[in-house]
Amino acid sequence: FYRTSEHLLFTTCEFGPCLKLEKNGIKISFNRENLNLRKIEIDKIKNDEIEKISISFDNFQKIGGRYNFPKNITFEGLNQKYFLVV
């Protein structure tokens, strides 16, 4: 969804401290303070129905003293839900 010639507009979320980006049926939310990726939502149109796929990232931990990595990843969509603990 990203091209170097396009202007990306980040807006604030209506809930909590986050920034969001919406482009072509994809919504991405970041923590406003440290820009950790919080959630990705994809709207997929199939047979005139909208299927939603959602990936959430929680419980961030420093790796190597520098990089934040999510310990909990939740995938929801296509009538399934997966919870990954790293």
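These are my notebook entries on a predicted model of one protein chain.

**Entry 1: confidence**

I began with the pLDDT values, as the model is a prediction. The chain has a mean pLDDT of 82, and 88% of its residues reach 70 or more. I then looked up the elements one by one. Strand E1, residues 11-12, has the lowest mean among them, at 78. The highest mean, 90, belongs to strand E6, residues 67-77.

**Entry 2: elements and sheet**

I listed the secondary structure next. There are 7 strands and 0 helices, so I read the run from the N terminus as β-β-β-β-β-β-β. The 7 strands form an open sheet, and its order is E1-E2-E3-E4-E5-E6-E7. The pairing is antiparallel. Which strands are at the edges? They are E1 and E7 (80-85), each of which pairs on one side only.

I took E5 and E6 as a pair to inspect. These two strands run antiparallel and are joined by 10 bridges. Within this pairing, I noted that Asp-58 has Asn-72 in E6 as its bridge partner. Asp-58 comes up again under the salt bridges.

**Entry 3: burial**

I looked up how much of the chain is buried. Of the 86 residues in the chain, 22% are buried. The residues I checked one by one in the entries below are listed with their own accessibility values.

**Entry 4: salt bridges**

Side chains of opposite charge can pair when their charged atoms come close. I counted 4 salt bridges, and I wrote down three, as follows.

- Asp-58 and Arg-38 have their closest N and O atoms 3.1 Å apart. Asp-58 is in strand E5 (residues 49-63) and Arg-38 in strand E4 (residues 37-46), so this salt bridge ties together parts that are 20 residues apart in sequence. Asp-58 is partly exposed at 30% relative accessibility, and Arg-38 is partly exposed with a relative accessible area of 30%.
- Glu-41 and Lys-39 form a salt bridge with the closest N and O atoms 3.8 Å apart. Glu-41 has a relative accessible area of 30% and is partly exposed. Lys-39 is partly exposed at 30% relative accessibility.
- Asp-43 and Lys-52 meet through their side chains at 3.1 Å, N to O. Asp-43 is partly exposed, at 28% relative accessibility, whereas Lys-52 has 52% and counts as exposed.

Why does Lys-52 count as exposed? Its relative accessibility is 52%, and the class begins over 50%.

**Entry 5: aromatic rings**

I searched for paired rings and found 1 aromatic pair in the structure. Phe-75 and Tyr-82 form this pair, with 6.1 Å centre to centre and 35° between the planes. Why is the pair called tilted? The angle of 35° is neither under 30 degrees, as stacked rings need, nor over 60, as edge-to-face rings need, so the pair falls in the remaining class.

I also checked how open the two residues are. Phe-75 has a relative accessible area of 26% and is partly exposed. Tyr-82 is partly exposed too, at 44% relative accessibility.

**Entry 6: nonpolar surface**

I looked for nonpolar area on the surface. Ile-63, Tyr-67, Phe-69 and Val-86 make a patch of about 410 Å². I followed up one of these residues, Tyr-67. Tyr-67 is in strand E6, and at 52% relative accessibility Tyr-67 counts as exposed.

**Entry 7: backbone angles**

I went through phi values for residues that are not glycine, and recorded two asparagines.

Asn-24 has a positive phi of about 50° and is not a glycine. Where is Asn-24 found? Asn-24 is in the loop between strand E2 (18-23) and strand E3 (26-31). Its relative accessibility is 66%, so Asn-24 counts as exposed.

Asn-59 also has a positive phi, of about 55°, and is not a glycine. Asn-59 is located in strand E5. At 43% relative accessibility, Asn-59 is partly exposed.

**Entry 8: cross-check on E5**

I went back over strand E5 to collect my notes. E5 holds Asp-58, which has the salt bridge to Arg-38 in E4, and Asn-59 with its positive phi. On the E6 side, Asp-58 has its bridge partner in Asn-72, and E5 and E6 are joined by 10 bridges.

Notes:
Residues are numbered from 1 along each chain as its sequence is written. This is a predicted model: local features need pLDDT of at least 70, side-chain atom pairs count only at pLDDT 80 or more; totals for chains, interfaces and linings use all residues. Side-chain values use heavy atoms; hydrogens and water are left out. pLDDT is the predictor's confidence in each residue, from 0 to 100. Helices (H or I, at least four residues) and strands (E, at least two) are DSSP runs, numbered from the N terminus. Rings of Phe, Tyr and Trp (its six-membered ring) pair if their centres lie within 6.5 Å; planes under 30 degrees apart count as stacked, over 60 as edge-to-face and the rest as tilted. Buried means under 20% relative accessible area, exposed over 50%, partly exposed in between (1.4 Å probe, protein chains only). Patches are made of residues with over 30% relative accessible area and no salt bridge: like charges are joined within 9 Å, nonpolar side chains (Val, Leu, Ile, Met, Phe, Trp, Tyr) within 5 Å. Accessible areas come from the Shrake-Rupley method with a 1.4 Å probe; for residues, only the protein chains shown count as cover. Two strands pair if DSSP finds at least two bridges between them.
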